[in-house]
Each structure stands twice: as structure tokens, then as C-alpha cells.
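Here is a quick walk through a structure, starting with the overall build of one chain and then zooming in on a few strands in another. Have the 3D view open as you read.

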Amino acid sequence: MAARKQTYDVVVIGGGHNGLVNAAYLARAGKKVLVLERRHVLGGAACTEEVFPGFHFSVCSYVVSLLRPEIIRDLDLPRHGLEILPLDGTFTPMPNGNYLWRVNDHGKTHREIARHSKIDAEAYDEFGKAMQAMCRFVKPILSMVPPDPNTLSPRELMKLLFIGRRFQGLSSEDKYNQVQLMTMSAIDFLDQWFETDVLKATMSASGIIGTFLGVRSPGSAYVLLHHYMGEIDGAFRSWGFARGGTGAISNAIADAAREAGAEIRTQAPIAKILVKNGKVRGVVLADGDEIQADVISSSVDPRQTFVNLMEPGQLPGEFLEEVRRYKFRGSSGKVNLALDALPNFKCLSGAGPHLRGAISISPSVEYMERAYDDAKYGNFSRRPYVDMVIPTLTDPSVAPPGKHILSCFVQYAPYKLRPGLNWDDLKESFGNNVIDTIAEYAPNIKDIILHKQVLTPLDLEREWGLSEGNIFQGELSLEQLFFLRPVPGYARFRTPIRNLYLCGSATHPGGGIMGAPGRLAALEILKDIKGAA
Amino acid sequence: MPAARDVVIIGGGHNGLVTAFYLAKAGYKPLVLERRPQPGGAAITEEFHPGFRTSILAHTAGPLRADVVRDMRLETHGLKLISPHVAVASFSPDGRVLILYNDLKKSAEEIAKFSKKDAARYPEFRQSLAKVGEVIGKALALTPPDIDQPSKHDLWGMLQTGRSIRRLGKKDMYRLLRWGPMAVADLVSEYFDTELLRATLAARGIFGTFLGPWSAGSSLVLLIRAAADPHPAGLASFAEGGIGAITRAMAAAAEQAGAEIRAGVDVIEISVGNGVANGVVLSNGEEIHAQAIVSNADPKRTLLKLVDPVHLTPTFVAKLEHYRMPGSVAKVNLALSGLPNFLGIDGNIDALKGRIHIGPEIDYLERAFDESKYGNFSREPYLEIAIPSLTDPSLAPPNKHVMSICMQYAPFRLRDGDWESQRVALGDTVVRILARYAPNLPELILHHQIITPQDLEDVYGLTGGHIFHGELSLDQFFTMRPLLDWARYSTPIANLFLCGSGTHPGAGLTGGSGANAAREILKHLKSK
């Protein structure tokens, strides 16, 4: 059959959650939309796969909290099958036989922290309130197209003024906290509130997830806030599972998109983006099919979009240089285990409710910092930070009866290893090292593993197209946020090529299963289409 | 009846002297009270071994802000600045040396020996640094605006800064925004491939701080320094007679303008009545009343030690306690019987006349930092060295030399033991490392003076041993130095002001804090 001629208003590259959100909003506005996904499953890094018979792994991303409520509402995701089950608490085992177990129940957590420090128990409440105030301040910024500080357009200046005014409106206490959060390290920030080492270590962990920062690196306090911003059912800071695994979120969004008229194809890798006279014309698929489109919206990262899918001469040299400068530096890996039984922790044995939340291997600030030190010189952490969940305790449907899944997020696993090492050789020892680490706290782990899946940063790049294995499509560091994300001057979802847009996590406000980039990009695309008409 | 003055200045460091000068020039009669036998703070020259004098602490100037030098007419008060042609010589263990001159072209030629590409990019880097630095320099001379109620003056200053940011053009404006929060290792790697060059430039982003080159925000430190001096690695800015000559000239200028300086008097308390500072109490019991008290001591020492905290709100006290002052520098001064024989310079003594940098790789510097995070001093430290007797023979007997070494990282808080027990080990480490580059050094040592971070606190009054009176970081910069809302040189106690490096802009021997503070204090005094 000769190459079919196919024409769409918009082609969305990549069927990750942002690509799907983007498509859904565009389709709802009446556009003829086609989503092209390279893999056989939708969702990008938000996917569920039956890796071993009967075991449905949330292969990459494993918990959700950041998904924007307006998206859940607009796309009516619960009707499309989205159900979020609460993940209660964080359990941190310690090598000395003690532990720290925080839960959503306020009184319980208060008593638990008081076991370590009475002062901290009091401070914890205050801290929670302060963080809520900070989140309230930052949230409108998440739903805002970043202003361009380089223009004199009154509309852009109004945005800056708006942020300025909101800042002015904060109490002096909140101003102080806000400024600190934007500039400090997670540990310096937490040091001001708490004295318990294990508490600070565990809380600081959310400041480094997905970045190449240590808990003492300035800028990590912001990432802490980024993770605090989670919102499920309107309550701040609650994390949850999607019933059926993380892929269920993507599937619900895909369903909403299809209902609105979008077409979605899987196993449809793109070879290149077609550009003529500085304007996109369409895409060519790997199988040679050509698809014409007025607009291309790319949910893959800038390196994939501008370097791998385009010809070098099509973009201004300076822009390409900035794209090359954009930092990915993946720092994490994933180990997914199929278990015959539940792990038994030395410090708190039995299959108690402490296993139903997150289990964090983050026993001390020094432990976290040393894990980072290894990575700085191109080694995986000898003793990594591990964030684990056992989704089967909340949603038994994802494994055979009586069996369990242990999903382990591991940091640090630097994409760039020191000379002489490569990830394919290290994969096995990386996985074993994680299991050894867990075994120090739950010795039975080695006896109950039925299957294991190890994902290195190189796997994340090869299989999911995440450059350098960065789970946020680029580091969440201050110089890569807001109007600097991903490229200064191009933070508004537009690119130097007319009608080519970015809509993935590499754009404001960044990564996590948030959907905000996909939505904001769709609104900008619609604005431009309207303006052109 | 105790004596009454219009202004008392606590501490005769360089900023205290600058403030004293400007206040005296405006017709006030400030009294400067210095605890040590001579004014100068951390900018002093002393004899540390018979016949050997050196800059005991700081060994290069910031350099000084041009308007301060001009207004105080420091040259007429005997100051002769020395600027050797070599800014810095950076040594590598493989025997190679990278020399950066003041002269751009000569530096590029030297860099070309390592990498032609880097040599070609060097002028561009210097130019961007100069342009961005100029804008930052303007902000450094500003009084940080009032966050809650910016005055017309504040808005004007902000507008001017905003305009100069715009005038940078798109490319440099984004550089300014993007660079500030970055790790200095990333910044230099964006321009250069040569590891020795990267490390030499990155050092400027970590000097005096508790940051490693991979710490985010270390670029900001580089930019603040570049505002005073756009040379990428920083010039060697010495003074005839050592750095103490700068503060001696400043003291003379202040006295000529009408200030009085008393050395050897220790202020032990700032007296406060009804929330208003009204005088100071000396260790000998003497009380001096004044309409305004200005402290050149660091913010913690001033407000947590000299002031009774009952006069402050608990929130303010808590915030100030969290003001970060983790000292990281130790100092070793050596009296030498001859000039050490540095490898790789082929007898080119001129190469040693500027600053000498030991820290050949980014990772070397980072590893040095790593140890200090866990409370140990670096076993392979980063060293910033000067041999001032090469450019000023008066500092040592004929053919003999003094060597001044800033050693990093020496964390104020050690994991095991105290600094007294580590003093000798620290000195040995520095000499051991230096002997790799100048093998005959150990046999030339006639005497060594080791100044630990604990000494910096005990002897020189730097809380936490922090040479900048507090970390230079985004969260302690501009409107946040020392604390958000208290960056305008006043304090919650009426008539008590700050003028030291713990206020904006801080950072090095520039006189910026003292000059800015004087401007605000004068406004206050005149409004009375």
C-alpha cells in the first residue's frame, strides 16, 4: 500500500500523561487530534505492565499526588475509571532497631514524633501549617504560563506584578519561609524546624527525588515544596495509588481524550518532524508513513524533540546550544519485586499497617549525603536512598492472591558513570545492592523474591525515551524552572519553529504526574490557533 | 557622669573604619572601639616571627570599591596597592602550571597551551562576567529595598537596576538569571574543557564558604566577587606593607575626618532601654553613652551576645540563630629561609608573585568539601596562597620570605575532638600537600603560625570562624542579609545599626557594607 495521506489539526508526540492531557484538551476544543506513542502501552512513565504473569507493575512512576484537580474535574477522570486509593504514612526503619512512622492521623503522628523529640512534635504541626501557606502561594504559579521577563508587553508585566503582589500579601513569617524555600537546601531549611535526625533525613528525601542534588545542596528545599504540593481530593500532602496501578491514570486520561474525539496510536514511533520554511508540516513515522498536521505538540523532552527528531539546520544555533546545555542528569533507578510474602522488618515485625504506606530507607542525614557523594563521582550509591511501596496491600488486584509487589525507587544511580563503568554491566549488581540494603532492615526479603525487574537510568532512556534517565525530563533546579524551563526565552511552550510546541514535563511547572504542562500547553496552542484564524 | 558621644562604632575592622570615615566627614564625631591592640579586624599585618611580617588573615583585597578609595583618599594616607601582572598561578600534580595574567591576551596564550578552544572562549567568558558583574555591582551599592513598604527611593533604585538588567541584552540577561542559582562547576564547564582551568575559576565560587563546586548557588559567590573584579579568577590585589596597610590608611583617613579610634577596649554590652540602644559598656566597667551605636561585629555577636536577647522578640532571636555562619577556612602563615622551589615554572619567579592556587580538579575541590561535611578537615585541601614578600621585600629579612596560606575546608565544628588537638595536624597537612608542588618547602620553614576556625572566633571575633560574617548564599543575600526585612543596616533595636560583612553586600575586603551602612545611618541621624 502506498503511503497514506493523513491530515490532522494537531499531532501529539508521545502518549505519556502530559501528551494525553494535551490531546484531551485540544480534542475537547474541537480539534482533530492524533496521539502517536512509540511503545505498545500508553502512559509513558505512568504505565502499568504485566511484567511477570499475574504481577501488574507500576513500572516507573508508582504513586500520585500532584495530578492537578482542575484536570481531574475538566476531563471527568473518575467517570473514565480513575480511582485513587490513599497511601497512608511513611515508615522509616533505623539501623539501631528504632523507627519513625508518620501517618495521616494527626494525633498518632504527634505521639510518634514525640517519642523522638517533644519539641519536634510541636514543631511538626507548625511546619505543616507553614508549608500549606507556601503551597497556597505557589499553586497559582503552577497554573500560570511563565511570564517572559524580556518583553515589555503589559500583559507579561502584569503577571510579574501579580506574583509580586501576592508575595507582598504574605505575612512576614510566610515571606521569610517562602524566600528560604526558594533558595535553601532541604537540610538547612529543616534544621530550622527540627532536631530529630531521622525525621529530617526522611523529610529531606522529597527534596532530592529526581534531581542530582544532595539534601545539603541549595535548591533542594524547592523540590521539597514541589512534592508537598500534592493534592488529592483537595487535601494537601496526601499521596495515593491509582487502582490498577499508575497506568490506570493514563488510561483514564486516554479514555477522556478518545471520548472527545482524539485518535491514539501505539507502536507508532516517529522518525522525524517535518519542517518547511520555519513552520511544521507534519511528521514521518519510522515505517515511512507521513502525517500532515498544522500543529505538532511534543510531550517528549527537548533533546528528543530538537536533536533526535529534527535536522540540525532547522533550528537557530544559539537555541540548539541552550538545548544541549539543558541538564538532565538522571539520578535514579527502579527495582520492582514480585514477592511471595510480605517483608518483615526487624524494628517492627509483622504485617502491620506500617507496610501500607511508603517505606523509606533514609535513616540519617549523613546516610543521605553519603549516598549523594558516591554519585558525584560516578558510582551508584553503596547505600542508596530507597522509597518503597507495597501496592498490593491497598489494591490486591495487581498481583495473584496472596502475592505481593514491592516497588522500590532508588537514588542515586547516576546516568553518567565514572570512566570504565557502564550500566549494562552494573545492572545486576545495582539491583542486588538494593536488595542487600533492604535486607539490612528486613532480612527475609531475599527469601521471598519471586521475580525482579531492575531499571537503570540507561533503561529509562532506552525504553521510555527519558534523556539520561531523568524522570522529570530535566532537573528541577532553580536555573531550570519557571521562565527558564527548558530554555530561557522559550518557557511558554512555544519553540523557534512555528506551530511546534512542547507540552511535557520539560516545560513549566515540571515533572511528576501533574498534567499541568499538558494542559497549559493546550490552552496556549488554542490561543494561537484562535489568533491566527 | 559617663561620657556621651554622638556615635559609637563597635569594632575597627575595615567596614567599621569606612563607616566612621563617612560619618565623620558628614560632621559627626564617631568613636571607634577596637578590642584588639590595633584596628583592622581581619585586614591586618603583624609580625609573627622576628623580622617576618605578613597579612595575618586576609591576604588580598576585595578589591576595594573605587568610590571608597577615592573618598577616603587612601593613597594620600600612605596606601600603595600592588597589582602584580600575574593574577594566579595554578599548579597541577602532573607538573603543569596554568598562569592567568591580568592581561587578557597573555592569559589566553597560556590557556592555549592546554586547549585552543578554551583560549578562544576565555575572552567571551570574561566579557560576560564583566557585563553581568557590572549590573550586580550596581545592586551591591544599593541599600536593599524595604520589602513591605518600598519607598520612592527604593523603587527608583530597583528601577535603575531593572534598567541596567534590560540593557544587558537578552543573552546576558538570561545568563544573569540562570547563573545565580547554578553550581559553579556547571558554569565553568559550560565554557571550558581544561580541568585545571575549570578548577581555578570555580575556586572563586567556594572561597570562604561552606559550599563545594558542585553546590548549587556557588555561581552566585563567583558573580558577587566578579562585581568587584571582573577578572575570571580574581586579581592579586596586595598592598605595600601587607593588607594591614589598607586599614591603617583607612584609620588615618577616618581620624583626619574627625573620628576617634580607641584600641584595646572591649565592648561587653550594648545597653538598651525601652527598646532603644543608648550606649555601650566596656570590660573595664566604663560606660559610654551615644545617640547611635553602630556594630561592625557580625550580626550574631552583636544581637545575641552584646545585646541582652530580652530586648528582642523570640522569633527574631530564633531567625538570627539560624543565620548560617559555618566557618570553613583556616590560615597558615610560614616564615621561610628562602623561596620555595615550585615545580613547573622553570625559574620564572614572576609566576609566584600573584596568587597561587592548589586545587587542580573540580572533583579534588569537591572531595575536599566532602570531608568537611562530616566534621573533618580536608586531608587534601584546597589552598589559596600568596608570597607577599616577593612583591614587597620589606615584609621579611633579605632573601627570606613569608608565605600566607588560606586552607579550605576546615569546618568550625569538628566531629571528633576540638581544634586545639587538631592544630598541628592541620599545619602538617598543608605543608605535606604543598611539598608535592614545592618539594623543598619543608626544609625552608623557620616558623609557622596556624590559625584555626576556633582562633578566628576567639581571637578575631568572627562567630563560627566565618570570614564573611555569614554564608554568601541566595538565602542570605541582598534583602535577606542578614535577615529578610532587616537588610537595611538597622536592627529591631532603635539607634542600633550594623555595618559589617554580615550586611549587604558582605563578601571580602571591598568596604561596600561600611559605605552602604554609613549612608543609611546618616539618613537616620539627620532625621532626628
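What follows covers the fold of chain A and then a strand hairpin in chain B.

Keep in mind that this is a predicted model. Chain A contains 17 helices and 20 strands. How does its radius of gyration fit with a compact globule? For 533 residues, such a globule would come out near 24 Å, and chain A has 23 Å, so the two agree. If you lay the C-alpha trace of chain A along its principal axes, it spans about 65 × 55 × 50 Å. Of the 533 residues in this chain, 56% count as buried. Now take the contacts in chain A with a separation of 6 or more: 73% of them come from residues 24 or more positions apart.

Over in chain B, strand β12 (residues 287-295) is worth a look, with pairings to β11(B) and to β18(B).

| Strand paired with β12(B) | Direction | Bridges |
|---|---|---|
| β11(B), residues 276-282 | antiparallel | three |
| β18(B), residues 496-498 | parallel | three |

On the β11(B) side, B:Gly279 has B:His289 of β12(B) as its bridge partner. These two strands form a hairpin with four residues between them, and there B:Gly285 takes a positive phi near 95 degrees.

Which residue of β18(B) stands opposite B:Val294? That would be B:Phe497. While you have β12(B) on screen, check how the side chains point: in a regular strand they alternate between the two faces of the sheet.

Definitions and conventions
Residues numbered from 1 in each chain as written. Chains lettered and ligands numbered in written order. Predicted model: local features only at pLDDT ≥ 70, side-chain atom pairs only at ≥ 80, totals over all residues. Pairing = 2+ DSSP bridges. Rg over C-alpha atoms; globule rule 2.2 N^0.38 Å. Buried ≥ 20, exposed ≤ 12 C-beta atoms within 10 Å, placed from the backbone. Contact = placed C-beta atoms within 7 Å.
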